[in-house]
Amino acid sequence: MITVTLFSTPKDFLLVSTKQFIVRGTTSIGGFECNYDMNTKDTLYFNGTQKSNVISHSIPVKKFGCGNFILNHDFRKTLKEKEFPQIEIELSNFKNKNNQYSCDLILKLVGKQRVYKNLPLKINQNRLHGTITLNFSDFELTPPKKMGGAIKVGEEIELFINLYTQ
């Protein structure tokens, strides 16, 4: 494994080469994971060293991969892809205070917007990452059920954000 130095000056910026968004949840018979990866080139500045430091994404719901056709279909249906084909994710206000990292997150999903301030971020090797726990009810969604309710998706899901360096 290769260790990458993340910062030329540890408190100022990060060069991002890949962004990854993962949605994880549980069902009555196990778990599921849907993800979206994007190769990109962004410079992420900490502590307001640049005025406009926003990482914004419009992600097509159909581009999330959940491992198989059935899960992909259920994910798209749950997120009302035909009516709301995009998920909007905006990360801003990146901070580094004594090696404690954070950012603000705006999530637009199924026509609803939620703002999460001071999302804690961790750094390890070549990745800056954070996790937020969401509820289907936060977005006025109902967790899906299958087979007459025998298989139920839990109310909570986790959104993982991974920013990788080169």
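## Reading a predicted chain, feature by feature

Mentor: Let's start with one residue: apart from neighbours up to four places away in sequence, Asn72 is in contact with Phe64, Gly65, Cys66 and Gly67. Keep in mind that the model is a predicted one.

Trainee: Okay, which element holds asparagine 72? And is asparagine 72 buried or exposed?

Mentor: Asparagine 72 sits in helix H1. For burial, look at the relative accessible area: under 20% is buried. Asparagine 72 has 16%, so it is buried.

Trainee: How many helices and strands does the chain have?

Mentor: The chain has 1 helix and 9 strands. Reading along the sequence, you get β-β-β-α-β-β-β-β-β-β.

Trainee: How do I get a feel for the chain as a whole?

Mentor: Try two numbers. The chain has 166 residues, and 39% of them count as buried. Then take the contacts between residues at least 6 apart in sequence: 58% of these join residues at least 24 apart.

Trainee: How do I read a pair of strands? Say, how many bridges join S5 to S6?

Mentor: Look at direction, bridges and the turn. S5 and S6 run antiparallel, with 8 bridges joining them. They make a hairpin with 2 residues between the strands, and Val110 in that turn has a positive phi of about 45°.

Trainee: Can we zoom in on a residue there? What is the bridge partner of serine 102 in S6?

Mentor: Proline 120 is the partner of serine 102 in S6. Serine 102 itself belongs to strand S5. Its relative accessibility is 13%, so Ser102 counts as buried. Leaving out residues up to four places away in sequence, Ser102 touches Asn93, Phe94, Lys95, Asn118, Leu119, Pro120 and Leu121.

Trainee: And how do S6 and S7 pair, parallel or antiparallel?

Mentor: Antiparallel, over 3 bridges. S6 and S7 also form a hairpin with 2 residues between them, and here Gln125 in the turn is the one with a positive phi of about 45°. One bridge to look up is asparagine 124 with arginine 127 in S7.

Trainee: Is arginine 127 buried, partly exposed or exposed?

Mentor: Partly exposed: arginine 127, a residue of strand S7, has a relative accessible area of 22%. You can also check how sequence distance and space compare. Arg127 and Gln166 are 39 residues apart along the chain, while their C-alpha atoms are separated by 9.6 Å.

Trainee: What should I know about a nonpolar core?

Mentor: In soluble globular proteins, nonpolar side chains tend to be buried together. Here, the largest nonpolar core has 40 residues, and those with the most contacts inside it are Leu44, Phe64, Leu91 and Phe94. The elements giving two or more residues to this core are S1, S2, S3, S4, S5, S6, S7 and S9.

Trainee: Let's take phenylalanine 94. Which residues is it in contact with, neighbours within four places aside?

Mentor: Phe94 is in contact with Leu44, Tyr45, Phe46, Asn47, Gly48, Asn53, Ile55, Ser102, Cys103, Leu121 and Leu163. Serine 102, our earlier stop, has Phe94 on its own list too.

Trainee: What about empty space? What volume does the largest cavity have?

Mentor: About 30 Å³. The count is 1 cavity of 30 Å³ or more. Its lining is made of Leu91, Phe94, Cys103, Leu121, Leu128, His129, Gly130, Ile161 and Leu163. Strands S4, S7 and S9 are the elements that give two or more residues to that lining, and S7 gives the most, with 3.

Trainee: How many residues of each class line the largest cavity?

Mentor: There are 7 nonpolar and 2 polar residues, and no charged ones.

Trainee: Last feature: what is the volume of the largest pocket, and how many residues line it?

Mentor: The largest pocket has a volume of about 520 Å³. It is lined by 30 residues, with Phe32, Cys34, Phe75, Pro144 and Val153 nearest its centre. At least two lining residues come from each of S1, S2, H1, S4, S5, S8 and S9. By class, the pocket lining has 21 nonpolar, 5 polar and 4 charged residues.

Methods
Residues numbered from 1 in each chain as written. Predicted model: local features only at pLDDT ≥ 70, side-chain atom pairs only at ≥ 80, totals over all residues. Heavy atoms only, no water. 1 Å grid on protein atoms, 1.4 Å probe; cavity = no way out; pocket = protein on both sides within 12 Å on 5 of 7 lines; lining within 4 Å. Points joined across faces, edges and corners; volume = space filled by probe spheres on them. Helix = DSSP H or I, 4+ residues; strand = E, 2+ residues; numbered from the N terminus. Nonpolar A, V, L, I, M, F, W, Y, C, P; charged D, E, K, R; others polar. Core = buried A, V, L, I, M, F, W, Y, C linked by side-chain atoms within 4.5 Å. Buried < 20%, exposed > 50% of the residue type's maximum accessible area, 1.4 Å probe, protein only. Contact = heavy atoms within 4.5 Å. Pairing = 2+ DSSP bridges.
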